[in-house]
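Work through the exercises below with the sequence and the model side by side. Each task is followed by a solution that proceeds step by step.

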Amino acid sequence: MGVQTKKLGYKIGNFIIALILLAFAVMCIYPLLYVLFASVSDPTRLSQHTGLLLHPLGISREGYTLLFHNVPIFAGYANTMFIVVVGT
């Protein structure tokens with residue numbers, strides 16, 4: 001009886017640990033998905049949206065078009081690459 005109870009206890013413990021790890025994984029992954037979904041969503045629909053963002057709201061490349069037409073962003077990337085290469 002002791003061995004059987006121990007096995008059941010381990011199973012319950014493993015299940016609880018798995019649930020906790022799953023909760024932490026969702027808390028870490030959702031912000032990344034939110035940023036990805038928001039970046040490809042239609043800006044008008046996104047500004048009117050409330051609640052959780054579980055999928056893109058329409059598809060729009062407007063944000064990326066504005067980003068890559070912004071010349072100073074490339075200077076920032078060049079500085080970053082310089083610091084990474086020279087600093088390491």
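**Exercise 1.** In the protein chain, where is confidence lowest, and where is it highest?

*Solution.* Begin with the kind of model: this one is predicted, and the protein chain has an average pLDDT of 87, with 94% of the residues scoring at least 70. Turning to the elements, confidence is lowest in helix α3 (residues 62-68), where the mean is 81, and highest in α1, where it is 90.

**Exercise 2.** Determine whether serine 41 and serine 60 are buried or exposed, and describe their surroundings.

*Solution.* First, place the residues: serine 41 belongs to the loop between α1 and α2, whereas serine 60 sits in the loop between α2 (43-48) and α3. Next, apply the cut-off, by which buried means under 20% relative accessible area; serine 41, at 4%, is therefore buried, and serine 60, at 13%, is buried as well. Then examine the polar atoms: the side chain of serine 41 comes to 2.9 Å from the backbone nitrogen of leucine 57, while a polar side-chain atom of serine 60 lies 3.2 Å from the backbone nitrogen of glutamate 62. Finally, beyond four places in sequence, serine 41 contacts residues including Leu46, Pro56 and Ser60, and the contacts of serine 60 include Ser39, Ser41 and Pro43.

**Exercise 3.** Classify leucine 19 by its accessibility and relate leucine 19 to the surface patch.

*Solution.* Leucine 19 is part of helix α1 (residues 2-40). Its relative accessibility is 44%, so leucine 19 counts as partly exposed. Leucine 19 also belongs to a nonpolar surface patch, whose members include Leu8, Phe15 and Met27 and together have about 1000 Å² of accessible area.

Technical notes
Residues are numbered from 1 along each chain as its sequence is written. This is a predicted model: local features need pLDDT of at least 70, side-chain atom pairs count only at pLDDT 80 or more; totals for chains, interfaces and linings use all residues. Side-chain values use heavy atoms; hydrogens and water are left out. Patches are made of residues with over 30% relative accessible area and no salt bridge: like charges are joined within 9 Å, nonpolar side chains (Val, Leu, Ile, Met, Phe, Trp, Tyr) within 5 Å. Accessible areas come from the Shrake-Rupley method with a 1.4 Å probe; for residues, only the protein chains shown count as cover. A salt bridge is a side-chain nitrogen of Lys or Arg within 4 Å of a carboxyl oxygen of Asp or Glu. Helices (H or I, at least four residues) and strands (E, at least two) are DSSP runs, numbered from the N terminus. Buried means under 20% relative accessible area, exposed over 50%, partly exposed in between (1.4 Å probe, protein chains only). pLDDT is the predictor's confidence in each residue, from 0 to 100. A polar contact is a pair of N or O atoms within 3.5 Å; within protein, one must be able to donate a hydrogen and the other to accept it, and residues adjacent in sequence count only if both atoms are side-chain atoms. Contact means heavy atoms within 4.5 Å.
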